[in-house]
Amino acid sequence: MEGVDHLASERSRAQFDVEEMKVVWAGSRHALEVSDRISRLVASDPAFRKDNRTSLSRKELFKNTLRKTAHAWKRITELRLSEEEASRLRFYVDEPAFTDLHWGMFIPAIKGQGTEEQLQKWLPLAYKMQIIGCYAQTELGHGSNVQGLETTATFDPQTDEFIIHSPTLTSSKWWPGGLGKVSTHAVIYARLIIDGKDYGVNGFIVQLRSMDDHLPLPGITVGDIGMKFGSGAYNTMDNGVLRFDHVRIPRDQMLMRVSQVTREGKFVQSNVPRQLVYGTMVYVRQTIVADASCALSRAVCIATRYSAVRRQFGSQNGGVETQVIDYKTQQSRLFPLLASAYAFRFVGEWLKWLYTDVTQRLQANDFSTLPEAHACTAGLKSLTTSATADGIEECRKLCGGHGYLCSSGLPELFAVYVPACTYEGDNIVLLLQVARFLMKTVSQLGSGKKPVGTTAYMGRVDQLMQCHCAVQRAEDWLKPSVILEAFEARSARMSVACAQNLTNFANPEEGFLELSADLTEAAVAHCQLIVVSKFIEKLKQDIPGKGVKEQLEILCNIYALFLLHKHLGDFLKTGCISPKQASLANDQLRSLYSQARPNAIALVDAFDYTDHFLGSVLGRYDGNVYPKLYEEAWKDPLNDSVVPDGYQEYIRPMLKQQLRNARL
Ligand SMILES: CC/C=C\C/C=C\C/C=C\C/C=C\C=C\C(=O)SCCNC(=O)CCNC(=O)[C@H](O)C(C)(C)COP(=O)(O)OP(=O)(O)OC[C@H]1O[C@@H](n2cnc3c(N)ncnc32)[C@H](O)[C@@H]1OP(=O)(O)O
Ligand SMILES: Cc1cc2nc3c(=O)[nH]c(=O)nc-3n(C[C@H](O)[C@H](O)[C@H](O)COP(=O)(O)OP(=O)(O)OC[C@H]3O[C@@H](n4cnc5c(N)ncnc54)[C@H](O)[C@@H]3O)c2cc1C
């Protein structure tokens with residue numbers, strides 16, 4: 001029935017103030033106001049319609065995205081939206097586009113690695129979109145191994161230029177979003193060669209296309225790399241291929257904050273660490289963590305609402321059947337994902353703070369926290385994107401057969417999201433970076449250098465190697481100190497075990513390769529500890545609103561105990577907890593699910609997603625699922641005609657043949 005809230009009774013069961021929870025989710029009252037206003041602006045604009053994406057051809061899809069990005073830019077300028085509002089608008093338009101890379105990587109790369117003069121020259125053009133840029137680092141032959149990139153930038157002292165060249169097929173730039181068909185400029189990464197000497201990979205601003213007719217400039221070959229996973233989905237993006245044939249650019253287009261090349265061709269290294277060339281990746285990884293909470297919460301919102309609408313079995317005396325959300329198995333799959341969405345939100349907030357802090361320190365030439373920022377952004381990007389990709393797929397299964405329909409919104413969400421496990425650093429490669437950081441930390445423990453920040457707990461390694469979990473009753477698992485100690489002990493013991501195993505190898509690098517699977521597990525344990533501890537820290541803050549803090553406490557405990565249950569092998573093997581304590585944790589988890597149950601719908605309402613953004617018949621706010629599913633099916637282009645195209649050509653002759661055979 002139209003206009004009826006089928007989930008009203010669920011909403012009335014909530015034991016907390018949903019409006020206040022919305023503020024917590026958004027980060028502040030101001031952020032909620034902006035987010036809410038902009039999401040409704042997008043939802044009410046027919047130009048941002050997105051329900052037809054899966055039936056468009058690639059060309060139509062791409063043109064449609066160009067139209068939407070142009071319309072979005074028009075609205076941003078007409079309404080004089082602030083940077084925050086404009087970024088929310090792009091978020092709610094919900095379509096991967098070249099603008100993501102222009103605003104999300106091209107501009108940050110120039111900001112992070114350019115000199116003051118370079119910022120003055122390029123940023124105003126980029127901010128007004130008078131140039132459109134992308135981030136061209138990855139090549140056909142190398143993505144993870146940035147030091148293995150082959151594109152060259154050779155300094156020519158005669159003309160005061162760099163000659164950008166792709167010497168091999170594998171040196172072709174491959175993957176950059178926005179490159180294939182749109183970008184006029186790129187920040188490209190190439191090996192700096194001066195007088196035959198290789199100075200490693202640096203960033204350069206290169207114009208790719210003419211500003212008059214958009215044709216590639218001489219020496220440049222550029223195009224799209226082809227269809228990607230899923231229909232619609234990430235195919236709105238023109239991921240591209242790019243080759244250079246001795247393309248000349250002025251010397252001042254090398255991004256020179258980290259290193260400089262003088263007019264005489266002298267290479268000068270600033271006093272900033274070389275790793276700052278990788279700075280844009282640190283920035284983007286941090287944004288990806290916040291983004292994971294958005295993608296996961298979206299899938300969870302759909303699965304939770306649908307699980308409250310869907311009924312199967314359990315009817316007594318002709319009464320209504322059981323809502324599938326009341327099955328403990330459904331709860332044990334769904335509620336940890338709900339809790340993870342909140343956990344990732346808060347760790348994302350914290351990571352943003354860490355990133356801002358490291359940026360301020362870098363400006364003051366304090367580079368001491370850079371390794372930790374790198375390890376945290378790499379590790380948390382890996383942890384949250386892997387969990388989110390798996391979580392979206394789990395939500396699809398939680399919705400049964402209907403979850404497989406595009407109208408559920410889940411297939412497209414999954415297809416758009418999964419590459420997050422690969423881009424901005426393959427998740428395993430990133431965990432290995434965390435593992436290196438942890439092994440370094442352990443190796444320095446006796447040296448008097450006290451571990452700080454997220455590894456401070458390693459400073460108590462002697463105690464953590466010996467401690468015994470104090471849990472005697474299931475309720476003991478609700479104490480934050482108990483949870484923290486278990487996670488710290490597990491992480492410290494796994495790292496120390498790896499460090500000890502490494503000493504069995506004469507060559508540490510060989511040892512690292514041999515033990516890399518164990519090392520990634522130690523890295524995961526450390527990253528999970530960070531997420532759990534930041535959730536617990538969040539709960540120490542003053543959180544207003546009836547019942548809001550209590551709900552967050554329930555979610556925090558679900559998140560931690562679910563992880564404990566999932567990684568029980570780690571906790572038992574390292575002797576951090578006993579089998580009896582593991583079983584008490586499981587009892588507590590079941591009880592927490594029961595406490596979360598009456599609040600589940602309100603907890604997903606707190607994400608404040610419009611039906612337009614969710615793009616899901618199953619996740620509709622009003623829960624009016626069945627009539628809308630039915631309606632949606634009839635909109636499929638296949639149903640445009642009752643008898644399908646191809647009947648005369650293929651079906652009819654086959655049927656006639658069968659008839660003839662039968663008569664024989
Ligand atoms: C509105 C939208 C906004 C934004 C976009 C949002 C979402 C994304 C949407 C869509 C996707 C779009 C774009 C995707 C873009 C890309 O994918 S860009 C390409 C990204 N590529 C990678 O991530 C490559 C991964 N590889 C690496 O990062 C590195 O090569 C490496 C794995 C770290 C290894 O490097 P290397 O071999 O050179 O280094 P090591 O020898 O291992 O280490 C040397 C020391 O340096 C330290 N280090 C390494 N990286 C960093 C860093 N980034 N910052 C600081 N320090 C770093 C490392 O720890 C070593 O330190 P040491 O041990 O003390 O010596
Ligand atoms: C949708 C999408 C958008 C992208 N956008 C951009 C962009 O805008 N700009 C850009 O420059 N790039 C972009 N990329 C490229 C992306 O950053 C790389 O694909 C990514 O960094 C992974 O590198 P790779 O492809 O070389 O993977 P590989 O490193 O070849 O990975 C293959 C396998 O090898 C494993 N492996 C690799 N190295 C190791 C190791 N040392 N130890 C153990 N295992 C290892 C990996 O775990 C993986 O299983 C994009 C990619 C995608 C999918």
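These notebook entries record what I looked up in a predicted model of one protein chain with its two ligands.

**Entry 1, overall build.** I began with the fold as a whole, and the secondary structure of the protein chain came to 23 helices and 11 strands. The radius of gyration is 27 Å, close to the 26 Å that the globule rule gives for 664 residues, so I noted the chain as being as compact as a globular protein of that length. Along the principal axes, the C-alpha trace spans about 90 × 75 × 65 Å. I then looked up burial, and 45% of the 664 residues count as buried. For the contacts I took pairs of residues at least 6 apart in sequence, and of these contacts 74% join residues at least 24 apart.

**Entry 2, the nonpolar core.** Which residues touch the most other members of the largest nonpolar core? I found that they are Ile-558 and Tyr-559, in a core of 185 residues. Helix α8, which runs over residues 279–309, gives the most to this core, with 17 residues. I followed Tyr-559 further and, leaving aside its neighbours within four places in sequence, I listed its contacts as Pro-336, Ala-339, Ser-340, Ala-343, Val-532 and Phe-535. As background I wrote down that nonpolar side chains tend to be buried together in soluble globular proteins.

**Entry 3, helix α11.** I next went through residues 410–417, the helix α11, and found 8 of the 8 residues buried, so this helix is largely enclosed by the rest of the structure. The buried residues include Glu-412, alongside Leu-410, Pro-411 and Leu-413, and the list continues through Phe-414, Ala-415, Val-416 and Tyr-417. When I asked what covers the buried residues of α11, I found α8 and α10 included in the cover.

**Entry 4, the surroundings of ligand 1.** I counted 30 residues around ligand 1, of which the closest are Gly-104, Gln-275, Tyr-278, His-374 and Gly-425. The helices α6 (98–113), α8, α10 (370–398) and α12 (427–443) each supply at least two residues of this shell, and the largest share, 6 residues, comes from α8. By class, I recorded 13 nonpolar, 13 polar and 4 charged residues in the shell around ligand 1.

**Entry 5, the surroundings of ligand 2.** For ligand 2 I found 22 surrounding residues, and the closest are Gln-137, Thr-138, Gly-143, Ser-144 and Trp-175. Both β1 and α12 supply at least two residues each to this shell, with α12 giving the most, 3 residues. The classes here come to 11 nonpolar, 9 polar and 2 charged residues. I noted that α12 therefore appears on the list for ligand 1 as well as on that for ligand 2.

**Entry 6, positive phi.** Finally I looked up backbone angles at two residues that are not glycine. Met-129 has a positive phi of about 55° and is found in the loop between α7 (116–127) and β1 (133–136). Asp-608 has a positive phi of about 60°, and its place is in the loop between α20 (600–605) and α21 (611–614). Is each of these residues buried or partly exposed? Met-129 is partly exposed, with 17 other C-beta atoms within 10 Å, whereas Asp-608 is buried, with 20 other C-beta atoms within 10 Å. I added that 20 is the count from which a residue is taken as buried, so Asp-608 stands at that cut-off.

Key: Residues are numbered from 1 along each chain as its sequence is written. Chains are lettered from A and ligands numbered from 1 in the order in which they are written. This is a predicted model: local features need pLDDT of at least 70, side-chain atom pairs count only at pLDDT 80 or more; totals for chains, interfaces and linings use all residues. A nonpolar core is a set of buried Ala, Val, Leu, Ile, Met, Phe, Trp, Tyr and Cys residues joined through C-beta atoms within 7 Å. A residue is buried if 20 or more other C-beta atoms lie within 10 Å of its own, exposed if 12 or fewer, and partly exposed in between; C-beta atoms are placed from the backbone. Helices (H or I, at least four residues) and strands (E, at least two) are DSSP runs, numbered from the N terminus. Two residues are in contact if their C-beta atoms, placed from the backbone, lie within 7 Å. The radius of gyration is taken over C-alpha atoms; the globule rule is 2.2 Å times the number of residues to the power 0.38. A residue is near a molecule or strand if its C-beta atom, placed from the backbone, lies within 6 Å of it. Ala, Val, Leu, Ile, Met, Phe, Trp, Tyr, Cys and Pro count as nonpolar, Asp, Glu, Lys and Arg as charged, and the others, Gly among them, as polar.
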